[in-house]
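Me: I am new to this structure and would like a close look at a single part of it, the place where two helices from separate chains meet. Please take me through that part and then through what surrounds it.

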Amino acid sequence: MNRFAYQEARLGESETFVSRDRNVKIYDGDQKTEFADGEVVLTTHRLFWGRPGEIARAAVTLCLPLSYVVSLSEETTASNFFGRKTRIIMHLRPPNPNKAPGPLDTSRAAHIKLSGKNGLSVEFHSALRETLSARVWEISLASETIVRGAESVANVSDRLARIQKRTGIGGIERNLEAKAKATDENIALAFQDLSVLMAMAKDMVGLSKNISSKIREQKGEISDDETVRFKSYLLSLGIDDPVTRDNFTSNTAYFNSLAQQICEMLLDPIEEHGGMMSLADVYCRVNRARGFELLSPEDLLHACEQLNGPIKLRRFPSGAMVLQLESQDDELIAIDTSEKVREAESLAVEELAKQLGISLLLAKERLLVAERLGKVCRDESVEGLRFYANLLLFRDID
Amino acid sequence: MRRRVGLGAIQQQKLAAEKYKDKGADIQESQLEQMTKQMDVFRIKLEEFAMKHKDDIRKNSQFRKQFQEMCAAIGVDPLATGKGFWSVLGMGDFYYELSVQVVDVCLAANHKTGGLMELDELRRRLIAARGQSPMHQEITKEDILMATKKLNIFGNGFVVHKLGKGKYIVQSIPGELSMEETNILSAASNTESGCVTQNQLMNDLGWTEYRTKCALEKVLGEGLCWIDRQTDEEPSYWFPSLFPGRNAQLVAA
């Protein structure tokens, strides 16, 4: 009982609520205490006990860090009326010398019991068991050590010894080794089971980023494989809440919001790509950003057909489909192209392609568009196809 | 305190500094080794979890995001559905996932291949990037062909050409976005006479024979160059727009 401390019932950073139970009595060893008919709340790091309502108000309550718990056991006794009830026995480590003051300063018992009128609920019991085996509190401590390095402070008593060990190169090496070992253990722990990983996800995300950024610092890249690097880049651009069909009653609404999300997601990449992106490219990027929520090519195409903003779907005569920025619109292209032609006096397809750094087909298409809109005229000779400014219509422009 | 003076002391200091440096490099190296090891463990575990717990991960949106972040940091592919019973019929996620991965591979290599890749090469890269477990290694060429069929709906932006028996080439960039011909033009304009041959291009650009041939044929098809088969050796390709003296003529006219 002397391991408890008075603390405000607030969650710390990276601490999350796990379970609660009502009408709980605490035993100091085998002795009943005045702490009866209270509420217990279990978090990933601590166990709180308070009078009804106190915990909800975040008042000062009794708090036991879970790191004190060595193991759990249970005892079954007869219940008041009929049947049986189970009490939880928590075996505890000796109290920390610089522990905050608690309800009891000395106690001979090395265990406490939790009990209720009808015992504790099965849910709470199993939650407690799982939380204890997950040992989440250790992870956050350890990851803090990684961040803060040597700052982590332990017991005063073995501090001196530590300082001695830490000095010199040997100390540094030992320190690094210890940290690496702790990290290894954390990883092994986190990946025992999916539920544990979920509980520790935040820390593991931090750790994984930490590792990969350190490797990048020293080696330049996380992998020699180009595909892996590219993939990891695309994945890192993930979106928080992919639009899924389940949330919509009508197809139209679904495709519309899908189109909107695609537009938001691809505006920048398409711009970087010179204003056009093939649909296969789009398919890959969108799905990588969505992660597990794969989108079928059919749905993607439908959504792209709905696009009606800065990005539009375009089909080339060859059958190829691309998404293109509005700035690639025919009118604008024609004006731009005719200006290029006038600057150079005359242009062939290949010259325009080279000048703009685009493909031949696109360059040809641009010139033909400009021709169709009357901005340029063609001169077809044995030397090939050349385009000149259309002086018939726009003579006075110069 | 011992006072250090003289040449000997300086030399000793130098020696010590060097030793420290060596030690520092040592430590750094062993740390990198540690990190690499940890990353490998991470990778194996993430791959395993992606395979085993896919549905549970999908259900929890917050965790899904976190899982994806981890995959991105470590370079693991979260898509790892096995080829189940339904995939024989083209249903299920397997081929969709595979098609995403196929495009991944092509996109990552485009800057080198210009959008053309042989199927064998594609398969090799795909498997290497998919993961270590044996399940990932079982992707056959037929699987990849099946996956690319899913992309047919996007017009001919992503096409598989059959070259011969069991030989395929995957074209991942549509002609409209392909810079191949423009690159040939640049190469040609660097020559004095505005003429190139296939071998010359393969040398200059480091392209494969197939890639060069395709691009040249396209340029020819567009009517942008003339082919000259009179020489005894390989045919040469002439670009009228690059003829020397063309501009001089214009000025004179």
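Reply: In this predicted model, helix α12 (residues 349-356) of chain A and helix α8 (residues 180-189) of chain B have axes that come within 10 Å and cross at roughly 95 degrees. Because angles from 65 to 115 degrees count as roughly perpendicular, α12(A) and α8(B) are therefore roughly perpendicular to each other. On the α12(A) side the contact is made by A:Glu350, A:Ala353 and A:Lys354, and on the α8(B) side by B:Thr182, B:Leu185 and B:Ser186. Sorted by class, the residues of this contact are two nonpolar, two polar and two charged.

Looking further at α8(B), its buried residues are B:Glu180, B:Glu181, B:Thr182, B:Ile184, B:Leu185 and B:Ala188. Two of these names, B:Thr182 and B:Leu185, also belong to the contact with α12(A). The buried residues of α8(B) pack against elements of both chains, namely α12 and α13 (360-372) of chain A, and β4 (195-197), α9 (198-205) and α10 (209-221) of chain B.

The meeting of these helices can be set beside the contact between the chains as a whole, in which 73 residues of chain A touch 72 residues of chain B. On the side of chain A that touches chain B, helix α6 (residues 201-219) of chain A gives the most, with twelve residues, and the residues of that side divide into 37 nonpolar, 17 polar and 19 charged.

Before α8(B) in the numbering of chain B there is also an open sheet of three strands, with antiparallel pairing and the order β1-β3-β2. Its edges are β1 (116-118) and β2 (159-164) of chain B, each of which has a single partner strand, so one side of each is left without a neighbour in the sheet. Neighbouring strands of this sheet are turned against each other by 25 degrees on average, if direction is ignored. Within the sheet, β2(B) is joined by five bridges to strand β3 (residues 167-171) of chain B, and the two run antiparallel; here B:Lys162 has B:Tyr168 of β3(B) as its bridge partner.

Chain A has strand pairing of its own, in which strand β6 (residues 60-65) of chain A pairs with strand β1 (residues 5-8) of chain A in the antiparallel sense over four bridges, with A:Thr61 in β6(A) as the bridge partner of A:Gln7. Strand β5 (residues 46-50) of chain A is likewise joined to β6(A) by four bridges and runs antiparallel to it, and A:Phe48 stands opposite A:Cys63 in β6(A).

Terms used
Residues numbered from 1 in each chain as written. Chains lettered and ligands numbered in written order. Predicted model: local features only at pLDDT ≥ 70, side-chain atom pairs only at ≥ 80, totals over all residues. Axes fitted to C-alpha atoms, helices over the stretch in contact; angles between N-to-C directions. Parallel < 35°, antiparallel > 145°, perpendicular 65-115°, else oblique. Contact = placed C-beta atoms within 7 Å. Nonpolar A, V, L, I, M, F, W, Y, C, P; charged D, E, K, R; others polar. Pairing = 2+ DSSP bridges. Buried ≥ 20, exposed ≤ 12 C-beta atoms within 10 Å, placed from the backbone.
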